[in-house]
Amino acid sequence: MSVSYAAVGWNRQKKLYDWLILGFCIVYLAVFIGLTALYNPQYTFETALIRSSATLALLLLHVILCIGPLCRINKKFLPLLYNRRHLGVTMFTIALVHGSFSIFQFHALGNVNPFISLFTSNTQFNSLSQFPFQSLGFLALIIFFLMAVTSHDFWLHNLSPKLWKTLHMFVYLAYFLIIMHVMLGVLQFETHPMYVVMLGLGAGTIITLHLIAGVKEVKKDQQSFDLSSQGFNYICELSDIEDNRAKIFCIDKERIAVYKFENKLYAIHNVCKHQGGPLGEGKIIDGCITCPWHGYQYLPGNGQSPPPFKEKVSTYDVRVEGTKIWLNPTPYAEGTERPGASFYL
Ligand code: HEM
Ligand code: FES
């Protein structure tokens, strides 16, 4: 599917989310800087900007890391997932403001190159209380930079989805670096326990959500099926699948999405060709199975993207007996037309 592919049904929402993100960031920075001027007039504007942008970037990073597991736990969060790349680029831009002003304020006024000063002005790497925490922030910023510049579909196509995904997994390393940056840095000056409590709450939320989502996925994968009747496995009742939606079944370690559309059931491989999105978590839009991540589309009957696009996924046979749905996990070649299974209620 080409880079310019845009058959997505959520474009209006996407714009709305972009405006909401922008509005929230402006209000956050203005309120933070205003309150600093009011209650701590001894701080310069630069210090207020460094702190407001730092805390805002950290807050957005937490939101970004919570979106993935939240979507696995409840589909209502999917519109947030669709907009996550924009949130990531916004977070990087704000972190860049923080990093640039910090380098300017703490390293640009001497006669040493600011970037050399960043790594050489403090070399107490073996001291916890005096650790050169700024270098950790710098490394995290480099990771965010790489993620932001490769976030466009152009890079996804050129780097391959697997490499792209691997690169984006580095966000967890960046998160760890930032936690250490804040713990070893701010806590050198601020001894109030509130900072540790807030960091702990943030990390605790992210870890808990990932654990809940992980357990849910494992349960889904371990569901056992009655491997009888002509290679077909009983998977669920007709009423378990909503109209224009799917349920995902994992048989022999393969995830298959079974869709209900216009009184028929169709089964296709669950993995989107674009970036591996879960097709079974999407919905039917304009007669096509639409990936929840970025809107790539596939025809339910043959797993092919509508012309002129060329993506194809495997299809499978489904049967309905009474109210019971049976699925044969043997895949047909990608793009093979299958009749689907009619049902009458
Ligand atoms: C070039 C990269 C960076 C440098 C040089 C840097 C430098 C600093 C400095 C000097 C402080 C202490 C500021 C103060 O207390 O007045 C600080 C605090 C902080 N930094 Fe960074 N930083 C960098 C990157 C980042 C990134 C990428 C993030 C996160 C997304 C981040 C998040 C924070 C946070 C949350 C604080 C605590 C803010 C506060 O004082 O309330 N930093 N950083
Ligand atoms: S559209 Fe991007 S992963 Fe499916």
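A polar contact is taken here as a pair of N or O atoms within 3.5 Å, where, within protein, one atom must be able to donate a hydrogen and the other to accept it, and residues adjacent in sequence count only if both atoms are side-chain atoms. The model is predicted, so local features need pLDDT of at least 70 and side-chain atom pairs count only at pLDDT 80 or more, while totals for chains, interfaces and linings use all residues. Side-chain values use heavy atoms, with hydrogens and water left out.

**Ligand 1**

The polar contacts of three side chains with ligand 1 are tabulated below.

| Side chain | Ligand 1 atom | Distance |
|---|---|---|
| Arg51 | oxygen | 3.1 Å |
| His98 | nitrogen | 2.8 Å |
| His181 | nitrogen | 2.8 Å |

These three residues, together with Ile178 and Val186, come nearest among the 22 residues around ligand 1, a residue being near if one of its heavy atoms lies within 4 Å. The shell divides into 14 nonpolar residues, seven polar and one charged, with Ala, Val, Leu, Ile, Met, Phe, Trp, Tyr, Cys and Pro counted as nonpolar, Asp, Glu, Lys and Arg as charged, and the others, Gly among them, as polar. Helices H2 (45-73), H4 (84-107), H6 (134-149) and H9 (171-189) each supply at least two residues of this shell; helices (H or I, at least four residues) and strands (E, at least two) are DSSP runs numbered from the N terminus.

**Strand pairing**

Strand S9 (residues 324-332) pairs in the antiparallel sense with strand S1 (residues 233-237) over four bridges, and Asn233 stands opposite Leu327 in S9; pairing requires that DSSP finds at least two bridges between two strands. Strand S8 (residues 315-321) also pairs with S9 in the antiparallel sense, over six bridges, and there Asp317 has Asn328 of S9 as its bridge partner. Two residues lie between the strands in the hairpin of S8 and S9, where Gly322 takes a positive phi near 65 degrees.

Methods: Residues are numbered from 1 along each chain as its sequence is written. Chains are lettered from A and ligands numbered from 1 in the order in which they are written.
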